[in-house]
Amino acid sequence: MAITLKSLSANGPGLLPAVVSFDEHHTLIRGPSDTGKSHIWDCIWFLLGGTGALEPFPESEGYDLVELSFLHDQHEYLVR
């Protein structure tokens with residue numbers, strides 16, 4: 001009974017959505033230090049019931065909504 005991640009997005013008024021799309025088999029997240037790579041994991045953890053609030057960082061300014069889309073048993077779910 002696994003879930004398959006589809007996408008994670010951060011949205012804010014007047015900002016373009018920041019979206020990470022997940023491939024069914026593999027996804028590579030890379031980039032310079034302190035640009036939010038670990039924040040992706042933190043967002044997933046938070047949206048799936050983890051404890052603690054999300055820590056802000058400079059690039060996250062203005063974003064106020066995080067959404068995770070995933071599949072489970074042929075059904076798609078959206079968690080905000």
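Two strands are said to pair if DSSP finds at least two bridges between them. In this predicted model, β1 and β2 pair in the antiparallel sense over 4 bridges. The two strands form a hairpin with 6 residues between them. Within that turn, glycine 14 has a positive phi of about 75°. One bridge of the pairing can be named: serine 9 has valine 19 of β2 as its partner.

## Strand pairing

Strand β1 also pairs with β3, in the antiparallel sense and over 7 bridges. Here serine 7 stands opposite serine 69 in β3. Strand β3 in turn pairs with β4, again in the antiparallel sense, over 5 bridges. In this last pairing, the bridge partner of histidine 72 is histidine 75 in β4. The table sets the pairings side by side.

| Strands | Sense | Bridges | A residue pair |
|---|---|---|---|
| β1 and β2 | antiparallel | 4 bridges | serine 9 and valine 19 |
| β1 and β3 | antiparallel | 7 bridges | serine 7 and serine 69 |
| β3 and β4 | antiparallel | 5 bridges | histidine 72 and histidine 75 |

## Loops and turns

The hairpin of β3 and β4 has 2 residues between its strands. Aspartate 73 lies in the loop between β3 and β4, and glutamine 74 has its place in that loop as well. Most residues other than glycine have a negative phi. Against that background, aspartate 73 is of interest, with a positive phi near 50° in a residue other than glycine. Glutamine 74 is likewise a residue other than glycine with a positive phi, in this case near 70°. Glutamine 74 counts as exposed because its relative accessible area is 80%, and the cut-off for that class is over 50%.

The loop between β1 and β2 contains glycine 12. Glycine 12 is classed as buried because its relative accessibility is 14%, where buried means under 20%. Leaving aside residues up to four places away in sequence, glycine 12 touches Gly62, Tyr63 and Asp64. Serine 33 is 21 residues from glycine 12 along the chain, and the C-alpha atoms of the two are separated by 23 Å.

## Leucine 65 in strand β3

Leucine 65 is found in strand β3. Its relative accessibility is 32%, so leucine 65 counts as partly exposed. Apart from residues up to four places away in sequence, leucine 65 touches Ser9, Ala10, Asn11 and Arg80. For one of these contacts, alanine 10, a separation is also available: the C-alpha atoms of leucine 65 and alanine 10 are separated by 5.6 Å, although the residues are 55 apart along the chain.

## The helix α1

Helix α1 has both buried and exposed residues. The buried ones are His39, Ile40, Cys43, Ile44 and Leu47. These residues lie on the same side of α1, because they cover an arc of only 140° around the axis. The general geometry of a helix is relevant here: an α-helix has 3.6 residues a turn, so residues three or four places apart point the same way. The buried residues of α1 pack against β1, β2, β3 and β4. On the face turned away from the buried side, α1 carries the exposed residues Ser38 and Trp41. Just after α1 comes glycine 49, which takes a positive phi of about 105°.

## The largest pocket

The largest pocket holds about 460 Å³ of space. It is lined by 21 residues, of which Ala10, His39, Cys43, Phe57 and Ser60 are the closest to its centre. His39 and Cys43 also belong to the buried residues of α1. By type, the lining divides into 13 nonpolar, 5 polar and 3 charged residues. At least two residues of the lining are supplied by each of β1 (4-11), β2 (18-21), α1 (37-47) and β3 (65-72).

Conventions:
Residues are numbered from 1 along each chain as its sequence is written. This is a predicted model: local features need pLDDT of at least 70, side-chain atom pairs count only at pLDDT 80 or more; totals for chains, interfaces and linings use all residues. Side-chain values use heavy atoms; hydrogens and water are left out. On a 1 Å grid over the protein atoms alone, a cavity is a set of points where a 1.4 Å probe fits but cannot get out, and a pocket is an open set with protein on both sides within 12 Å along at least five of seven lines; lining residues have an atom within 4 Å of a point. Grid points are joined across faces, edges and corners, and a volume is the space filled by probe spheres set on the points. Ala, Val, Leu, Ile, Met, Phe, Trp, Tyr, Cys and Pro count as nonpolar, Asp, Glu, Lys and Arg as charged, and the others, Gly among them, as polar. Buried means under 20% relative accessible area, exposed over 50%, partly exposed in between (1.4 Å probe, protein chains only). The arc is that of the directions from the helix axis to the C-beta atoms. Contact means heavy atoms within 4.5 Å.
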